[in-house]
Amino acid sequence: MPHLHTQPHGHDVTISAWILRRFPSDSSRGWQWKALVHKHRKMNLWIQPGGHVEHTENPWQALVHELHEETGYHIDQLSVLQPWNRLPDGVHDLMHPTPVLLNTHSPYPGHFHSDIVMAMVADGDPAEKPRPGESLELQWVSPDEFAALPGAEPDAVMIMTMIVERVADSWIPIRATDWSLEDAPTEAMTNRTVAEATAPDPLDERETEGWRTAQ
(Lines give C-alpha, C1' and ligand atoms only; values in the text may rest on other atoms or scores of the structure.)
Protein backbone atom coordinates (compact mmCIF):
# COMPACT_ATOMS: atom_id res chain seq x y z
CA MET A 1 0.00 0.00 0.00
CA PRO A 2 1.15 3.65 -0.38
CA HIS A 3 3.00 5.31 2.47
CA LEU A 4 0.62 6.96 4.94
CA HIS A 5 2.68 9.88 6.20
CA THR A 6 4.34 11.50 3.21
CA GLN A 7 5.30 14.83 4.81
CA PRO A 8 9.01 15.43 5.54
CA HIS A 9 10.23 13.26 8.41
CA GLY A 10 7.01 11.24 8.26
CA HIS A 11 6.89 7.98 10.23
CA ASP A 12 4.71 5.01 9.28
CA VAL A 13 4.11 2.01 11.53
CA THR A 14 4.80 -1.33 9.85
CA ILE A 15 4.73 -4.93 11.00
CA SER A 16 6.69 -7.90 9.68
CA ALA A 17 7.37 -11.53 10.53
CA TRP A 18 10.24 -13.96 10.33
CA ILE A 19 8.54 -17.25 9.43
CA LEU A 20 10.78 -20.13 10.48
CA ARG A 21 10.60 -23.76 9.45
CA ARG A 22 12.64 -26.87 10.18
CA PHE A 23 14.52 -28.44 7.28
CA PRO A 24 16.67 -31.61 7.23
CA SER A 25 20.41 -31.05 7.65
CA ASP A 26 23.65 -32.88 8.37
CA SER A 27 23.90 -31.31 11.82
CA SER A 28 23.96 -33.38 15.01
CA ARG A 29 20.23 -32.90 15.56
CA GLY A 30 19.38 -33.71 11.94
CA TRP A 31 17.59 -30.45 11.10
CA GLN A 32 18.11 -26.71 10.97
CA TRP A 33 16.00 -23.58 11.09
CA LYS A 34 15.43 -21.68 7.87
CA ALA A 35 13.40 -18.49 7.36
CA LEU A 36 11.25 -17.34 4.47
CA VAL A 37 12.50 -14.20 2.72
CA HIS A 38 11.30 -12.46 -0.40
CA LYS A 39 12.86 -9.99 -2.78
CA HIS A 40 11.03 -6.71 -2.30
CA ARG A 41 9.91 -5.52 -5.73
CA LYS A 42 10.46 -1.80 -5.10
CA MET A 43 13.59 -1.88 -2.95
CA ASN A 44 15.21 -4.83 -4.75
CA LEU A 45 16.34 -6.21 -1.39
CA TRP A 46 15.83 -9.59 0.26
CA ILE A 47 13.90 -9.08 3.50
CA GLN A 48 11.16 -10.69 5.60
CA PRO A 49 7.49 -10.28 4.57
CA GLY A 50 5.35 -7.54 6.12
CA GLY A 51 3.77 -4.18 5.43
CA HIS A 52 2.04 -1.05 6.69
CA VAL A 53 -0.45 -0.89 9.52
CA GLU A 54 -3.32 0.99 7.90
CA HIS A 55 -5.36 3.59 9.76
CA THR A 56 -8.37 1.27 9.92
CA GLU A 57 -6.67 -1.81 11.37
CA ASN A 58 -4.62 -2.90 14.35
CA PRO A 59 -1.10 -4.37 13.98
CA TRP A 60 -2.22 -8.01 14.29
CA GLN A 61 -4.89 -7.59 11.61
CA ALA A 62 -2.29 -5.93 9.38
CA LEU A 63 0.22 -8.77 9.79
CA VAL A 64 -2.32 -11.48 9.02
CA HIS A 65 -3.41 -9.92 5.73
CA GLU A 66 0.14 -8.95 4.73
CA LEU A 67 1.42 -12.50 5.24
CA HIS A 68 -1.47 -13.92 3.26
CA GLU A 69 -0.87 -11.51 0.39
CA GLU A 70 2.94 -11.80 0.30
CA THR A 71 3.49 -15.47 1.17
CA GLY A 72 0.17 -17.30 0.75
CA TYR A 73 0.18 -18.52 4.34
CA HIS A 74 -3.14 -18.72 6.17
CA ILE A 75 -3.06 -17.73 9.82
CA ASP A 76 -4.11 -21.23 10.91
CA GLN A 77 -0.88 -22.60 9.39
CA LEU A 78 1.33 -20.56 11.71
CA SER A 79 2.41 -20.37 15.33
CA VAL A 80 3.85 -17.32 17.06
CA LEU A 81 7.01 -17.60 19.16
CA GLN A 82 6.37 -15.99 22.55
CA PRO A 83 8.49 -15.43 25.67
CA TRP A 84 5.55 -16.42 27.92
CA ASN A 85 2.06 -17.88 27.70
CA ARG A 86 -0.63 -15.76 26.08
CA LEU A 87 -2.19 -13.11 28.32
CA PRO A 88 -6.01 -13.23 28.10
CA ASP A 89 -7.93 -10.30 26.67
CA GLY A 90 -8.96 -7.70 29.23
CA VAL A 91 -12.04 -5.57 29.83
CA HIS A 92 -10.82 -2.87 27.46
CA ASP A 93 -7.64 -4.33 25.99
CA LEU A 94 -7.40 -6.76 23.09
CA MET A 95 -4.07 -8.52 23.53
CA HIS A 96 -1.66 -9.02 20.63
CA PRO A 97 1.40 -11.28 20.42
CA THR A 98 4.63 -9.95 21.88
CA PRO A 99 7.09 -8.86 19.16
CA VAL A 100 10.65 -10.11 19.15
CA LEU A 101 11.94 -6.56 18.60
CA LEU A 102 11.11 -3.08 17.31
CA ASN A 103 13.21 -0.94 14.99
CA THR A 104 13.03 2.26 12.95
CA HIS A 105 14.64 2.53 9.52
CA SER A 106 14.47 4.78 6.47
CA PRO A 107 13.27 3.11 3.23
CA TYR A 108 14.04 6.31 1.34
CA PRO A 109 15.48 9.71 2.38
CA GLY A 110 13.20 11.75 4.64
CA HIS A 111 10.73 8.94 5.40
CA PHE A 112 10.78 6.36 8.20
CA HIS A 113 9.22 3.03 9.11
CA SER A 114 8.92 1.91 12.73
CA ASP A 115 8.64 -1.86 12.37
CA ILE A 116 7.06 -4.33 14.79
CA VAL A 117 8.96 -7.58 14.22
CA MET A 118 7.37 -10.95 15.01
CA ALA A 119 8.87 -14.45 15.05
CA MET A 120 6.64 -17.28 13.74
CA VAL A 121 6.87 -20.97 12.88
CA ALA A 122 5.32 -22.90 9.97
CA ASP A 123 5.07 -26.67 9.66
CA GLY A 124 4.52 -26.86 5.90
CA ASP A 125 4.22 -24.99 2.64
CA PRO A 126 1.88 -21.99 2.21
CA ALA A 127 -1.70 -22.88 1.29
CA GLU A 128 -1.63 -20.46 -1.63
CA LYS A 129 0.72 -18.53 -3.87
CA PRO A 130 1.41 -14.84 -3.20
CA ARG A 131 -1.29 -12.45 -4.38
CA PRO A 132 -0.92 -11.11 -7.95
CA GLY A 133 1.35 -8.09 -7.91
CA GLU A 134 3.44 -9.36 -4.99
CA SER A 135 6.98 -10.65 -5.36
CA LEU A 136 7.24 -14.22 -6.60
CA GLU A 137 10.90 -14.44 -5.57
CA LEU A 138 10.80 -16.28 -2.24
CA GLN A 139 13.43 -18.48 -0.64
CA TRP A 140 13.91 -20.49 2.54
CA VAL A 141 17.38 -19.68 3.86
CA SER A 142 19.54 -20.47 6.86
CA PRO A 143 21.40 -17.56 8.47
CA ASP A 144 24.58 -18.43 6.56
CA GLU A 145 22.68 -18.80 3.28
CA PHE A 146 20.94 -15.47 3.86
CA ALA A 147 24.23 -13.71 4.60
CA ALA A 148 25.63 -15.02 1.29
CA LEU A 149 22.55 -14.08 -0.74
CA PRO A 150 23.23 -11.12 -3.09
CA GLY A 151 20.91 -8.27 -2.18
CA ALA A 152 20.23 -9.48 1.37
CA GLU A 153 19.62 -6.44 3.60
CA PRO A 154 22.43 -6.53 6.21
CA ASP A 155 20.33 -5.64 9.25
CA ALA A 156 17.77 -8.26 8.22
CA VAL A 157 20.60 -10.83 8.22
CA MET A 158 21.59 -9.74 11.74
CA ILE A 159 18.01 -9.91 13.04
CA MET A 160 17.28 -13.29 11.45
CA THR A 161 20.49 -14.72 12.88
CA MET A 162 19.58 -13.46 16.36
CA ILE A 163 16.10 -15.03 16.13
CA VAL A 164 17.48 -18.41 15.04
CA GLU A 165 20.22 -18.40 17.70
CA ARG A 166 18.36 -16.91 20.68
CA VAL A 167 14.61 -17.22 20.12
CA ALA A 168 13.65 -20.20 17.95
CA ASP A 169 14.59 -22.92 20.45
CA SER A 170 13.70 -21.11 23.67
CA TRP A 171 10.44 -19.19 23.11
CA ILE A 172 7.04 -20.92 23.26
CA PRO A 173 5.20 -21.63 19.97
CA ILE A 174 1.54 -20.63 20.38
CA ARG A 175 -1.09 -21.07 17.67
CA ALA A 176 -1.58 -17.80 15.81
CA THR A 177 -5.33 -18.37 15.81
CA ASP A 178 -5.32 -17.98 19.62
CA TRP A 179 -5.24 -14.20 19.06
CA SER A 180 -8.43 -12.51 17.93
CA LEU A 181 -8.71 -10.66 14.64
CA GLU A 182 -11.54 -8.51 16.01
CA ASP A 183 -11.21 -4.89 17.01
CA ALA A 184 -10.81 -3.95 20.67
CA PRO A 185 -13.79 -4.55 22.97
CA THR A 186 -16.65 -2.15 22.25
CA GLU A 187 -16.77 -0.99 25.87
CA ALA A 188 -14.69 2.19 25.87
CA MET A 189 -12.38 3.10 28.75
CA THR A 190 -14.37 6.31 29.43
CA ASN A 191 -17.78 7.76 28.54
CA ARG A 192 -16.41 10.89 26.89
CA THR A 193 -18.01 12.02 23.66
CA VAL A 194 -15.98 12.38 20.48
CA ALA A 195 -16.10 16.17 20.86
CA GLU A 196 -14.81 15.95 24.43
CA ALA A 197 -12.07 13.50 23.57
CA THR A 198 -10.77 15.52 20.60
CA ALA A 199 -11.08 19.03 22.07
CA PRO A 200 -7.79 20.84 22.79
CA ASP A 201 -6.54 20.64 26.37
CA PRO A 202 -6.97 24.18 27.84
CA LEU A 203 -3.97 23.58 30.10
CA ASP A 204 -1.67 22.67 27.21
CA GLU A 205 -0.59 25.71 25.16
CA ARG A 206 0.69 23.47 22.37
CA GLU A 207 -2.81 22.09 21.81
CA THR A 208 -4.77 25.32 22.23
CA GLU A 209 -2.43 27.31 19.97
CA GLY A 210 -2.52 24.57 17.34
CA TRP A 211 -6.31 24.49 17.54
CA ARG A 212 -6.57 28.29 17.08
CA THR A 213 -4.18 28.14 14.11
CA ALA A 214 -6.23 25.37 12.52
CA GLN A 215 -9.38 27.51 12.79
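Here are some notes to help you find your way around this predicted model.

1. **The annotated region.** A good place to begin is the record: an unreviewed UniProt entry places the feature "domain: Nudix hydrolase" at residues 10-163. Over residues 10-163, the chain is 18% helix and 38% strand. The end C-alpha atoms of that stretch are 29 Å apart.

2. **Strand β1 and its partners.** Follow β1 (10-24) and you will meet three other strands. β1 runs parallel to β7, and 11 bridges join the two; I19, for example, has M120 of β7 as its bridge partner. With β4 (residues 50-52), β1 pairs in the antiparallel sense over 3 bridges, and here T14 is matched with H52. The pairing of β1 with β2 is also antiparallel, over 5 bridges, and P24 has W31 as its bridge partner there.

3. **The hairpin and a residue to look at.** β1 and β2 form a hairpin with 6 residues between them. In that turn, G30 has a positive phi of about 85°. Most residues other than glycine have a negative phi. N44 is therefore worth a look, as it has a positive phi of about 60° although it is not a glycine. You will find N44 in the loop between β2 and β3 (46-47), where it is partly exposed, with a relative accessible area of 49%.

4. **Strand β5, covered on both faces.** In a regular strand the side chains alternate between the two faces of the sheet. In β5, L78, V80 and Q82 lie on one side and S79 and L81 on the other, and all are buried. Because 5 of the 5 residues of β5 (residues 78-82) are buried, the strand is largely enclosed by the rest of the structure. β5 pairs with β7 in the antiparallel sense over 3 bridges, with V80 matched to M120. β5 also pairs with β9 (residues 172-175), again antiparallel, over 4 bridges; in that pairing Q82 has I172 as its partner.

5. **The largest nonpolar core.** Nonpolar side chains tend to be buried together in soluble globular proteins. In this model, the largest nonpolar core has 25 residues, and W18, L20, F146 and I163 have the most contacts inside it. β1, β2, β7 and α3 (154-167) each supply at least two of its residues, and the largest share, 8 residues, comes from α3. Leaving aside neighbours within four places in sequence, I163 is in contact with W18, L20, V100, A119 and A168. There is also a second, separate core of 22 residues, which includes I19, I116, M118 and W140.

6. **Helix α3.** How does the length of α3 compare with what its residues should span? At 1.5 Å a residue, its 14 residues should span 20 Å, and the end C-alpha atoms are 19 Å apart, which agrees. The buried residues of α3 are A156, V157, I159, M160, M162, I163, V164 and V167. At the N-terminal end of α3, E153 acts as a cap: one of its side-chain oxygens lies 2.9 Å from the backbone nitrogen of D155.

7. **A histidine pair.** Finally, look at H113 in strand β7. Is H113 buried or exposed? With a relative accessible area of 9%, H113 falls under the 20% cut-off, so it counts as buried. The side chain of H113 is joined to that of H111 by a polar contact of 3.5 Å.

How values were computed:
Residues are numbered from 1 along each chain as its sequence is written. This is a predicted model: local features need pLDDT of at least 70, side-chain atom pairs count only at pLDDT 80 or more; totals for chains, interfaces and linings use all residues. Side-chain values use heavy atoms; hydrogens and water are left out. A nonpolar core is a set of buried Ala, Val, Leu, Ile, Met, Phe, Trp, Tyr and Cys residues joined through side-chain atoms within 4.5 Å. Buried means under 20% relative accessible area, exposed over 50%, partly exposed in between (1.4 Å probe, protein chains only). Contact means heavy atoms within 4.5 Å. The expected span of a helix is 1.5 Å times one less than its number of residues. A polar contact is a pair of N or O atoms within 3.5 Å; within protein, one must be able to donate a hydrogen and the other to accept it, and residues adjacent in sequence count only if both atoms are side-chain atoms. UniProt positions are given in the numbering used here, feature names are shortened, and annotations may be inferred rather than shown by experiment. Two strands pair if DSSP finds at least two bridges between them.
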